[in-house]
Amino acid sequence: MANILSGQAVQTLDKNGQEIKSVGFQRFGFDCEVSLDTLRSLYLRSHYVLSAPESQVQELDTKEEEGHGNLTQGPNAYQSKSIYHPETHSISYTTLSRFAPVKLLPPSSRKRVLVTGGAGFVGSHLVDRLMLLGHEVTVLDNFFTGSKTTVSHWVGHPNFELVRHDVVEPFMIECDQIYHLACPASPPHYQFNAVKTIKTSFMGTLNMLGLAKRTKARFLISSTSEVYGDPEVHPQPEDYWGHVNPIGPRACYDEGKRVAETLTYGFHRQDGVDVRVARIFNTYGPRMNPHDGRVVSNFIVQALRGEDMTVYGDGKQTRSFQYIHDLIDGLIALMNSDETRPVNIGNGDEFSIGEFAELVREIVEKVQEEDGAKPERRVQIIYKPIPTDDPQKRRPDTTRAKNSLGWQPRWSVRMGLEEMVRYYKAKISEGSM
């Protein structure tokens, strides 16, 4: 990693070795391209600075640049100026921060977009992108797994509205597009209240489809690779029906998403609702809840804290991981395309969990060494029994996405992991994790 003080900025390279300077594209008559630096400024910084005399504040800002901000190039202008008081472990919030610049769109191009689950991991990144593009965004979230802090940097913006609401209850609004992302997606969260998870998948989707029918809005549902269960076909194409245990501990989520897809196509055939179905495969990136039991966040947090990394099973089960910016590109492409069939959105690069743990350990060590914080001992990888119904293989066949949407992942797993390690390192250093 280049030293920021030497004036050498860190280059983010894609799978082909080309530098990534922006995310998004101009396709299907919809421009969703934004600067990577502007996007990063919304999540790769600390939320506050330590209270100190002016001279010390400048010193702290410099340290922040060296520590975890050296992936972002450009000023701190759009960051909160809230102040943390270490002696009382309290924080003084301020509204005096400038919003990131958003595009000025003519009314004919500006869309009114509803994002359910918009304060969650995926939803908040989608909101950032849509806001920077100049659209009007309304976020619905009951904050069961989402958090206000993921979208707090937009609160007060004239194009943004945040509503605490559970999609199990009906909701009325005028809109042009609905991204229906609301549902707990990690095993500890969706198993916490299995009946509520099924209810959210069914009733929430029913309510949002009813809204789409009334407003003639285009509707996109975030489905999941879990609809394929523990697949017997590898990789999984969209026309594979799946191999799911309907009464297992994961069934509340798997079958909930399957019935949500059934409901979506019911409205499409019966009422002519314009629908899109995205089957999302394993995704990682900044703002992932570090305590949600997902493999990427588990490995990174354990390694950063110097704890041994836990692999369940023998580590030979495989997963494919895509970076969050690739997923958002895929969701926006699907929403604005004419593709009404289900579409897999994922990364075809497959890793065994054991190999992935070693890669995470290597990247964490690299970042720690560059930041002058080399740990006293090397983190070890330990193995524990595998959970029930944990699939052995999961990898998407993304041929349809490539042909219909012109979409394929750009981010290498290594580059995405390094950005995510720096995000979690920032969270740990500011004391919020």
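Which residues do ring pairs link into a cluster? Phe299, Phe321, Phe351 and Phe356. Keep Phe356 in mind, as we will come back to that residue. One caution before we go on: this is a predicted model.

First, the overall picture. The chain has 11 helices and 20 strands. It runs to 433 residues, and 53% of them count as buried. Now take the contacts with a separation of 6 or more: 78% of them come from residues 24 or more positions apart.

Next, the core. The largest nonpolar core holds 78 residues. Tyr179, Leu331 and Leu417 have the most contacts inside it. What does Leu417 contact, once neighbours within four places in sequence are left aside? The list is Tyr284, Val296, Ile300, Phe356, Leu359, Val360 and Ile363. There is Phe356 again, the residue from the ring cluster. Another core lies apart from the largest one, with 22 residues. Ile178, Ala182, Val275 and Val277 are among them.

On to helix 9, residues 353-370. Does its length come out as expected or not? The helix has 18 residues, so at 1.5 Å a residue it should span 26 Å. The end C-alpha atoms are 26 Å apart, which agrees. Its buried residues include Phe356, Leu359, Val360 and Ile363. Arg361 and Gln368 are buried as well. What covers the buried residues of this helix? The cover includes helix 7, strand 15, strand 16, strand 19, strand 20 and helix 11. After helix 9 comes Gly372, with a positive phi near 70 degrees.

Helix 11 covers residues 413-429. Its 17 residues should span 24 Å at 1.5 Å a residue, and the end C-alpha atoms are 24 Å apart, so the two agree. Helix 11 is mostly covered, with 14 of its 17 residues buried.

Now the aromatics. How many aromatic pairs does a search of the whole structure find? Eight. Tyr228 and Phe281 make a tilted one, 6.1 Å centre to centre, with 35 degrees between the planes. Tyr228 sits in the loop between strand 12 and helix 6, and Phe281 in the loop between strand 13 and strand 14, so this pair ties together parts 53 residues apart in sequence. Tyr228 counts as buried because its relative accessibility is 0%. Phe281 is buried too, at 2%. A further tilted pair joins Tyr423 and Tyr424, at 5.6 Å centre to centre and 50 degrees between the planes. Tyr423 is buried, with a relative accessible area of 9%. Tyr424 is at 0% and also counts as buried.

One ring has a charge over it. The charged end of Arg27 sits over the ring of Phe25, 4.3 Å from the ring centre.

Two single residues deserve a look. Start with Ala278, in strand 13. Ala278 is buried, with a relative accessible area of 0%. Where do its contacts fall, leaving aside neighbours within four places in sequence? They are Leu220, Ile221, Ser222, Ser223, Thr224, Leu331, Leu334, Val343 and Ile345. Note Leu331, named earlier for its contacts inside the largest core. The C-alpha atoms of Ala278 and Arg341 are separated by 8.9 Å, and these residues are 63 residues apart along the chain.

The second is His157, in the loop between strand 9 and strand 10. Is His157 buried or exposed? Buried, with a relative accessible area of 9%. Its side chain reaches the backbone nitrogen of Asn159 at 3.0 Å. Not counting residues up to four places away in sequence, His157 touches Phe99, Val102 and Met131.

Last, the backbone. A cis peptide bond joins His234 and Pro235, with omega about -10 degrees. Pro235 lies in the loop between strand 12 and helix 6. That is the loop that holds Tyr228.

Two residues that are not glycine have a positive phi. For Lys216, phi is about 60 degrees. Lys216 is in the loop between helix 5 and strand 12. For Arg287, phi is about 80 degrees. Arg287 is in the loop between strand 14 and helix 7. Which of them is buried, and which exposed? Lys216 is exposed, with a relative accessible area of 74%. Arg287 is buried, at 9%.

Methods: Residues are numbered from 1 along each chain as its sequence is written. Side-chain values use heavy atoms; hydrogens and water are left out. A nonpolar core is a set of buried Ala, Val, Leu, Ile, Met, Phe, Trp, Tyr and Cys residues joined through side-chain atoms within 4.5 Å. Buried means under 20% relative accessible area, exposed over 50%, partly exposed in between (1.4 Å probe, protein chains only). Contact means heavy atoms within 4.5 Å. Helices (H or I, at least four residues) and strands (E, at least two) are DSSP runs, numbered from the N terminus. The expected span of a helix is 1.5 Å times one less than its number of residues. Rings of Phe, Tyr and Trp (its six-membered ring) pair if their centres lie within 6.5 Å; planes under 30 degrees apart count as stacked, over 60 as edge-to-face and the rest as tilted. A charge sits over a ring if NZ of Lys or CZ of Arg is within 6 Å of the ring centre and within 35 degrees of the ring normal. A polar contact is a pair of N or O atoms within 3.5 Å; within protein, one must be able to donate a hydrogen and the other to accept it, and residues adjacent in sequence count only if both atoms are side-chain atoms.
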